[in-house]
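Colleague: Could you take a close look at a single part of this model for me, and then follow the contacts outward from there? I work at the bench, so please explain your terms as you go.

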Amino acid sequence: MKFNLTAQDPLSKARAGEITTDHGTIQTPIFMPVGTAGTVKAVHQHELKQDISAQIILGNTYHLYLRPGLNTLESVGGLHKFNGWDGPILTDSGGYQVYSLTEVRKIKEEGVTFRSHIDGSKHLFTPENVMDIQRIIGADIIMAFDECTPYPCDYNYAKRSIEMTHRWLKRCCDRFDSTGPKYGYSQTLFPIVQGSVYKDLRVRSAEVIASYEREGNAIGGLSVGEPAEEMYAMTEIVCNILPQQKPRYLMGVGTPVNILENIALGIDMFDCVMPTRNARNGMLFTKNGIINIKNEKWKNDFSAIEDDSDLFADRDYSKAYLRHLIHSGEMLGAQIATLHNLHFYLWLVKEARKKIIAGEFYDWKNMMAKRLGQRL
């Protein structure tokens with residue numbers, strides 16, 4: 001994997017760059033649609049490519065390990081062959097999913113034992129086997145196995161947690177470096193900075209992660225319930241330490257406003273389930289603010305979903321029709337809303353990139369942040 005910085009905003013730390021993988025080039029800043037179980041919910045691959053203009057998607061190690069399972073994925077030649085997506089894929093290590101299974105998991109130095117949410121069967125994730133699993137899934141970018149601490153989190157727990165995450169990282173790197181890719185294309189490993197909302201822990205974790213000199217770095221454990229100001233403060237601290245010449249990935253973030261503010265702090269890559277999950281519940285993100293399409297006010301609004309959009313679904317369907325579909329529980333409603341939200345998120349980061357290159361990002365970001373957060 002290669003990363004080239006192509007532009008820097010003069011009034012912020014926002015940057016435009018280009019990540020090159022064996023499955024294609026990614027222009028940053030970028031938003032990555034989340035395809036947890038090998039699919040971005042309600043979206044065909046051709047829509048991802050042609051209508052949404054996605055450049056990279058996510059898969060999740062925990063879910064893919066349980067279903068369809070490693071035998072199936074290895075038999076077909078990895079997730080790209082299995083789901084028909086020929087662009088880059090990043091896999092989350094499963095650390096976040098295991099963290100969220102608080103009732104059915106146990107964390108020890110060796111790794112994490114957990115019970116499947118599907119059938120209750122018992123499993124063990126270690127730094128070593130999570131590297132092996134992601135090799136088999138066939139992701140272009142593999143995430144280190146870490147512990148994602150909750151919010152709020154006791155300082156001493158957070159301190160013990162980052163120390164274990166760092167020990168696990170050493171084991172991840174040793175295993176990754178002693179094995180090779182399975183399917184003839186290269187894979188890369190990103191470590192993850194943790195440390196909850198404690199400045200000294202974030203500094204220490206960022207310094208340790210930077211010292212490993214991997215091809216890219218991630219920031220985890222944010223967007224787990226802390227105030228946005230805390231998220232921005234931790235991101236700024238970490239971005240000041242992580243190397244300039246490598247991509248920075250802020251995991252699980254966030255709203256359109258969160259994305260713009262974190263781009264301004266020096267983040268290059270984002271993912272979040274918000275545009276897809278909220279779409280299925282009738283929440284639309286637009287250039288002028290947030291629409292709850294279930295509200296009565298849209299019942300007889302026959303205007304296009306977003307008339308200045310280049311997405312067919314935004315132009316061809318009205319707000320009233322989409323409201324009817326969502327209220328009726330029609331699958332097409334979830335499909336249209338998901339297409340819209342993902343298209344909007346990809347439009348937003350593409351527009352941010354244009355403004356960075358033109359040297360106009362900072363003022364545009366401030367104007368857009370006011371607009372995007374308002375309820376219509």
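Modeller: Happy to; I will begin with one helix and then move on to salt bridges, aromatic rings and surface charge.

Two notes on reading come first. This is a predicted model, in which local features need pLDDT of at least 70 and side-chain atom pairs count only at pLDDT 80 or more, while totals for chains, interfaces and linings use all residues. Residues are numbered from 1 along each chain as its sequence is written, and side-chain values use heavy atoms, with hydrogens and water left out.

The part I have picked is helix 6, residues 127–137. Helices (H or I, at least four residues) and strands (E, at least two) are DSSP runs, numbered from the N terminus. Nine of the eleven residues of helix 6 are buried, so the helix is largely enclosed by the rest of the structure. Here buried means under 20% relative accessible area, exposed means over 50%, and partly exposed is in between (1.4 Å probe, protein chains only). The buried residues of helix 6 are Pro127, Glu128, Val130, Met131, Ile133, Gln134, Arg135, Ile136 and Ile137. After helix 6 comes Gly138, with a positive phi near 95 degrees.

What about Asp132, which lies in helix 6? Asp132 is partly exposed, at 23% relative accessibility, and forms a salt bridge with Arg175, with the closest N and O atoms 2.7 Å apart. A salt bridge here is a side-chain nitrogen of Lys or Arg within 4 Å of a carboxyl oxygen of Asp or Glu. Because Asp132 lies in helix 6 and Arg175 in helix 7, the pair ties together parts that are 43 residues apart in sequence. Arg175 is partly exposed as well, with a relative accessible area of 30%.

The aromatic rings are a good next stop. Phe125 sits in strand 9 (residues 122–125), and Tyr62, Tyr65, Phe114, Phe125, Phe145 and Trp168 form one aromatic cluster. Rings of Phe, Tyr and Trp (its six-membered ring) pair if their centres lie within 6.5 Å; planes under 30 degrees apart count as stacked, over 60 as edge-to-face and the rest as tilted. By this rule the model has 13 aromatic pairs. In one of them, the ring centres of Phe125 and Phe145 are 6.1 Å apart and the planes meet at 80 degrees, so the pair is edge-to-face. Phe145 is in the loop between strand 10 (141–143) and helix 7 (155–177), so to speak a distant part of the chain, 20 residues from Phe125. Phe125 and Phe145 are both buried. A second edge-to-face pair joins Phe344 and Tyr345, with centres 6.3 Å apart and planes at 80 degrees. Phe344 is buried at 2% relative accessibility, and Tyr345 is buried at 1%.

Back to the charges: the salt bridge count comes to 15. Lys287 and Asp308 form one, with the closest N and O atoms 3.6 Å apart. Lys287 is buried, with a relative accessible area of 14%, whereas Asp308 is exposed at 52%. In helix 14 (residues 331–358), the side chains of Glu351 and Lys354 meet in a salt bridge at 3.6 Å, N to O. Because they are three residues apart in helix 14, Glu351 and Lys354 are separated by about one helical turn. Glu351 is buried at 17% relative accessibility, and Lys354 is partly exposed at 47%. Lys159, Glu163 and Arg204 are linked in a network of salt bridges.

Finally, the surface. Lys106, Lys108, Arg115 and Lys122 gather there in a patch of positive charge. Patches are made of residues with over 30% relative accessible area and no salt bridge, joining like charges within 9 Å and nonpolar side chains (Val, Leu, Ile, Met, Phe, Trp, Tyr) within 5 Å. Lys and Arg count as positive and Asp and Glu as negative, with His and the chain ends not counted; the place of a charge is NZ of Lys, CZ of Arg, CG of Asp or CD of Glu. Accessible areas come from the Shrake-Rupley method with a 1.4 Å probe, and for residues only the protein chains shown count as cover. Lys106, found in strand 7 (residues 105–107), is exposed at 55% relative accessibility.
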